[in-house]
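I opened a new notebook page for this chain. I wanted to look up contacts, burial and charge pairs, one entry at a time.

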Amino acid sequence: MDEKKIYTYPVCKFCGQAAICDREFNSQDEEEEYATMHCSCADAFEYRLHEEKKERREEALNELK
């Protein structure tokens, strides 16, 4: 029996553009975060840069501990 994939269409929190996704999410916020991180709008790009910097800071702090 063939399994059908269930596609979801989460949207970017900045521009509302939908992303096609075949994975499951635990919450609406997780869906929105995924779509935003994969969107090509300028606001999402700035958001990704901010999140990457935040992640690098956290990694650097963990290395210092």
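**Entry: R48.** I started with what R48 touches. Leaving out residues up to four places away in sequence, R48 touches T36, M37, H38 and C39. I count a contact when heavy atoms lie within 4.5 Å. I am reading a predicted model, where local features need pLDDT of at least 70, side-chain atom pairs count only at pLDDT 80 or more, and totals for chains, interfaces and linings use all residues. Residues are numbered from 1 along each chain as its sequence is written, and side-chain values use heavy atoms, with hydrogens and water left out.

I placed R48 in helix α2, residues 42-64. Helices here are DSSP runs of H or I with at least four residues, strands are runs of E with at least two, and both are numbered from the N terminus.

Which side chain of opposite charge is nearest to R48? I found E52, 5.6 Å away. R48 is buried yet has no salt bridge. Buried means under 20% relative accessible area, exposed means over 50%, and partly exposed lies in between (1.4 Å probe, protein chains only). A salt bridge needs a side-chain nitrogen of Lys or Arg within 4 Å of a carboxyl oxygen of Asp or Glu. For charge, Lys and Arg count as positive and Asp and Glu as negative, while His and the chain ends are not counted.

**Entry: the chain as a whole.** I counted two helices and zero strands. The C-alpha trace spans about 50 × 30 × 15 Å along its principal axes. The radius of gyration is 15 Å, whereas a compact globule of 65 residues would have one near 11 Å. That radius is taken over C-alpha atoms, and the globule rule is 2.2 Å times the number of residues to the power 0.38. Buried residues make up 22% of the 65 residues. I also checked contacts between residues at least 6 apart in sequence: 24% of them join residues at least 24 apart.

**Entry: the buried side of α1.** Which residues of helix α1 (residues 28-37) are buried? I noted E31, A35 and T36. They lie on the same side of α1, because they cover an arc of only 130° around the axis. The arc is that of the directions from the helix axis to the C-beta atoms. What covers these buried residues includes α2.

**Entry: E31.** I looked at E31 in α1 more closely. E31 counts as buried because its relative accessible area is 18%. Like R48, E31 has no salt bridge. The nearest side chain of opposite charge is R23, 9.4 Å away. Beyond its neighbours within four places in sequence, E31 is in contact with P10 and F25.

**Entry: P10.** I followed that contact to P10, in the segment before α1. P10 is buried, with a relative accessible area of 2%. Outside four places in sequence, P10 touches Q17, A18, A19, C21, F25, E31, E32, Y34 and A35. I also checked P10 against A44, 34 residues along the chain: their C-alpha atoms are separated by 14 Å.

**Entry: aromatic pairs.** I found two aromatic pairs in the structure. One of them joins F25 and Y34, tilted, with 5.4 Å centre to centre and 55° between the planes. Rings of Phe, Tyr and Trp (its six-membered ring) pair if their centres lie within 6.5 Å; planes under 30 degrees apart are stacked, over 60 edge-to-face, and the rest tilted. F25 is buried at 15% relative accessible area. Y34 is partly exposed at 22%.

**Entry: salt bridges.** How many salt bridges does the rule give? I count two.

E33 pairs with K13, with the closest N and O atoms 3.5 Å apart. This pair links distant parts of the chain: E33 is in helix α1, K13 is in the segment before α1, and they are 20 residues apart. E33 is partly exposed at 27% relative accessibility. K13 is partly exposed too, at 36%.

E51 and K54 form a salt bridge at 3.9 Å, N to O. Both lie in helix α2, three residues apart, about one turn of the helix. An α-helix has 3.6 residues a turn, so residues three or four places apart point the same way. E51 is buried at 19% relative accessible area, while K54 is partly exposed at 35%.
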